[in-house]
Each structure stands twice: as C-alpha cells, then as structure tokens.
Amino acid sequence: MMQSPSTSAPPPPSVESRDLFEHSIPWTESPCFASLLEKAHLSDAEKDMLRSYARDGYIVLDFPAPDIDAVATEVSRLFAVTNLETRLQRRIQDAWKTCPLVRSVASNSGILDLLRLLYRRDPIPFQTLNFPVGTQQSTHSDTLHFHSVPHRFMCGVWLALEDIDAENGPLHIYPGSHRLPVWNMHDLGLPSGQEQYAAYEAALRALIQELGLQKKQVLLKKGQVLIWAANLLHGGEPILDVHRTRLSQVTHYFFSDCLYYTPMLSDPFLGNVAYRQITNILTGQRVPNMYHGVKIDAEAIRDLPPSVSMMSGSPSKRSPFLVRTLRRLRAHLIE
Ligand SMILES: O=C(O)CCC(=O)C(=O)O
Ligand SMILES: [Fe+2]
C-alpha cells in the first residue's frame with residue numbers, strides 16, 4: 001500500500017525545544033540564559049561576568065599579554081611608513097597580514113578562551129583595524145556590517161594602545177542596547193547599499209532619542225580591552241584635542257558554524273545576500289559558510305538562474321520585475 005508522504009517522512013530529530021534557544025543565538029542572549037547558566041559548571045566569578053555581558057552587552061578587562069608598548073610602537077611605525085591615502089583614511093585594515101604583533105593581538109589565547117566562554121563556539125578573528133586617532137564614527141550596530149546566521153555570533157574586541165580620555169575621541173556605547181531588535185537596512189524599510197547609510201544613521205539617532213538610551217564614554221587605560229556584543233550600539237566621540245592621538249586596535253570576531261554576510265549590502269527577501277568569504281586570522285585559511293551543518297558555496301548561490309536567485313549575479317541575469325521593484329523603492333526613498 002502506498003504511504004502518504006507525511007507518514008513516510010522520517011521523524012524530526014528529537015531535540016529538547018529548550019536546546020533550540022541555546023544553539024540558535026548566543027547563550028547570553030537566549031531567553032533560556034538563566035537556566036543554562038544555572039546548569040553550567042563555572043566559577044562564581046565567571047558566572048558574574050557572563051551575567052554582566054548578558055545584561056550590558058559589553059565587558060572591560062586587562063588585555064592578557066604584558067607587552068602593550070611593543071604593539072603600540074609597531075602600530076605607530078605602521079602609520080609613519082604607510083602611504084598618504086592610508087594616513088588620510090586614519091585606519092589600516094588587516095595589518096595582521098604583514099605585522100606579527102597585530103596578528104598576535106588578534107590571536108591572543110586568553111581572549112580566545114574568554115570568547116569561547118561568552119559564545120560557546122570557537123571564535124574566528126577575521127579582521128583587524130588599527131587607528132592612529134579617534135574615528136568620530138556615528139553610532140551604529142556592527143550587525144549592519146558583519147552578521148551571521150544564526151544571529152549575533154559576532155563581537156568586537158577593542159584594545160587601547162594608549163590612555164583614552166574624554167579629549168582624544170573615546171568610544172561611546174549604549175549599555176544594554178544589544179538587547180534591542182537588530183535594525184539593519186531592510187528592517188528599517190531601506191534598500192541595501194552604502195548610499196542609504198545616512199538614512200540608517202538618522203534612524204538610529206531617532207531610536208536612541210525615542211527610547212531615551214543613555215550614552216556612556218568608554219575611558220580605557222593603555223592595555224585595557226572592551227569586548228562588545230554584535231548588536232550593541234556604539235561609535236566614536238568627537239576629538240576635543242586635535243593634537244592627541246588615540247592609538248588602538250579593534251579585532252572583529254565571528255564564531256564557528258555560521259553563515260557570514262554583510263547586511264548593509266544585502267536584500268535577503270529579494271534573494272540577494274552579500275556573503276562574506278572570511279579568512280581565519282589564526283590559520284590564514286578561508287572559513288566555509290555553514291548552514292544547518294552544511295557547507296554553503298556562496299559563489300554557486302550567486303550563479304543560480306535569476307528565477308531562483310533573483311537579485312544576485314550580473315544585472316543582465318536579474319529578474320526584470322525585481323530590477324523595476326528595486327528602482328521604484330530607491331526612487332521612492334529619494335523623493
Ligand atoms: O574605534 C572607533 O571609534 C569605532 C570602531 C568601531 O565601530 C568598530 O570597530 O566596530
Ligand atoms: Fe563598529
């Protein structure tokens with residue numbers, strides 16, 4: 001006798017519903033965090049730190065390596081010898097590729113152990129940025145630039161290579177703001193792309209005002225580190241003393257077994273996902289994009305026919321209907 005498809009389908013894997021909230025989001029951001037923490041075999045100090053990261057979305061600690069001066073000297077030297085364009089940009093991206101000390105900061109084993117505790121997955125340092133002075137960057141969430149599926153498996157680790165005070169453009173954060181929903185371009189009704197960044201910044205300013213979020217300047221001593229959760233709102237304060245430097249390094253980390261992508265450049269509901277091909281700074285190797293335990297070939301997805309992957313590939317491959325829709329969306333926003 002023929003069986004109906006539903007009765008012949010294999011039973012779903014047996015999984016405690018509670019476990020889903022452990023693996024689909026970092027445990028410190030899970031609705032089950034309190035009970036997960038209770039079951040965890042950790043010291044009281046570790047539990048306190050995890051509770052504070054869960055509540056505030058950041059922690060500050062001493063960088064677990066002694067020779068910060070050597071890193072600071074090396075990073076100033078990088079800016080002294082680099083070309084004019086980089087000096088004007090006031091940042092060097094991925095100096096880890098050529099500078100062993102920058103790489104050693106990104107690969108510090110104490111930080112990696114801590115991130116393993118905070119995220120319960122293997123951390124993957126994938127980008128370094130070094131700054132000679134404050135960035136004065138407007139308030140944003142890093143989820144716009146770096147995001148993962150499952151969500152929020154990303155964090156920033158920011159090391160002060162000299163003392164930071166109110167005068168030399170410290171970082172600012174909005175404690176607890178990581179618990180807000182993720183507001184990326186399409187969540188705000190904006191089409192993807194750098195052109196809409198000003199609208200994104202304005203939306204976040206309105207959100208902060210509406211919710212009455214309280215800003216905190218992060219005044220770090222040389223050798224201190226700030227770790228922040230993916231969705232914590234943060235930015236750079238104005239530089240009050242233009243003669244001051246603000247030598248620093250930020251390393252951005254993803255975690256194992258995720259899809260990695262750039263939401264700012266993606267329209268997921270139009271089939272356009274800007275996947276990232278990240279390199280693990282620890283190994284120098286590419287990291288596969290993983291979805292439900294399966295390796296995803298981002299290049300192959302991009303080459304699917306237009307009816308399947310509607311907005312990806314070259315413009316000539318795109319569905320005319322979606323091209324028109326996107327054009328209308330953009331025109332509407334610019335009006
Ligand atoms: O260093 C700063 O002022 C901002 C850095 C930042 O936003 C980041 O690295 O994600
Ligand atoms: Fe950022």
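A residue is called buried here if 20 or more other C-beta atoms lie within 10 Å of its own, and exposed if 12 or fewer do. All views show a predicted model.

**View 1. Helix α4 and its two faces.**
In α4, the buried residues are Leu50, Tyr53 and Ala54. These three cover an arc of only 100 degrees around the axis, which puts them on the same side of α4. The face turned away from that buried side carries Asp44, Ala45 and Asp48, which are exposed. Among the elements that cover the buried residues of α4 are α3 (33-39), β1 (58-62) and α8 (109-119). The helix itself runs over residues 44-56, 13 in number, and its first and last C-alpha atoms are 18 Å apart, close to the 18 Å expected at 1.5 Å a residue. Gly57 follows α4 and has a positive phi, near 80 degrees.

**View 2. Helix α8 and what packs over it.**
The buried residues of α8 include Ile111, Leu114 and Leu115, and Leu118 and Tyr119 are buried too. Seen down the axis of α8, the buried residues fall within an arc of 115 degrees, so they line one face of the helix. Ser109 and Asp113 are exposed and sit on the face turned away from the buried side of α8. The cover over the buried residues of α8 includes helix α4 and the strands β3, β5 and β10.

**View 3. Arg120, just after α8.**
Most residues other than glycine have a negative phi. Arg120 is not a glycine, yet its phi is positive, at about 55 degrees. Arg120 follows α8 and is found in the loop between α8 and β3. Is Arg120 buried or partly exposed? Arg120 has 16 C-beta neighbours inside 10 Å and therefore counts as partly exposed.

**View 4. The open sheet and its edges.**
The open sheet has 6 strands in the order β1-β8-β5-β10-β3-β2, and the pairing is antiparallel. β1 and β2 (92-93) stand at the edges with a single partner strand each, so one side of each is left without a neighbour in the sheet. At the β2 edge, β2 and β3 pair in the antiparallel sense over 2 bridges. Across this pair, Gln93 stands opposite Leu129 in β3.

**View 5. Strand β5 between β8 and β10.**
How many of the residues of β5 (residues 154-160) are buried? The count is 7 of its 7 residues. Both faces of the strand are covered: one side has Met154, Gly156, Trp158 and Ala160, and the other has Cys155, Val157 and Leu159, all of them buried. β5 is joined to β10 (residues 248-255) by 7 bridges, and these strands run antiparallel. In this pair, Ala160 stands opposite Ser248 in β10. β5 is also joined to β8 (residues 224-229), by 5 bridges and again antiparallel. Here Gly156 stands opposite Trp228 in β8.

**View 6. The cis peptide bond before β5.**
Most peptide bonds are trans. The bond that joins Val149 and Pro150 is cis, with omega about -5 degrees. Pro150 is found in the loop between β4 (147-149) and β5.

**View 7. The residues around ligand 1.**
The shell around ligand 1 consists of Leu129, Phe131, Gly134, Thr135, Gln137, Asp142, Gly156, Leu171, His234, Gly236 and Val250. By class, these are 4 nonpolar, 6 polar and 1 charged residues. Which strands each supply at least two residues of the shell? These are β3 (123-131) and β9 (234-236). Some shell residues also appear in earlier views: Leu129 is the residue of β3 that faces Gln93 across the β2 and β3 pair, and Gly156 is one of the buried residues of β5.

**View 8. His292 in the loop between β14 and β15.**
His292 lies in the loop between β14 (289-291) and β15 (294-296). The phi of His292 is positive, about 50 degrees, although this residue is not a glycine. His292 has 9 other C-beta atoms within 10 Å, so it is exposed.

Notes: Residues are numbered from 1 along each chain as its sequence is written. Chains are lettered from A and ligands numbered from 1 in the order in which they are written. This is a predicted model: local features need pLDDT of at least 70, side-chain atom pairs count only at pLDDT 80 or more; totals for chains, interfaces and linings use all residues. A residue is near a molecule or strand if its C-beta atom, placed from the backbone, lies within 6 Å of it. Helices (H or I, at least four residues) and strands (E, at least two) are DSSP runs, numbered from the N terminus. Ala, Val, Leu, Ile, Met, Phe, Trp, Tyr, Cys and Pro count as nonpolar, Asp, Glu, Lys and Arg as charged, and the others, Gly among them, as polar. The expected span of a helix is 1.5 Å times one less than its number of residues. The arc is that of the directions from the helix axis to the C-beta atoms. Two residues are in contact if their C-beta atoms, placed from the backbone, lie within 7 Å. Two strands pair if DSSP finds at least two bridges between them.
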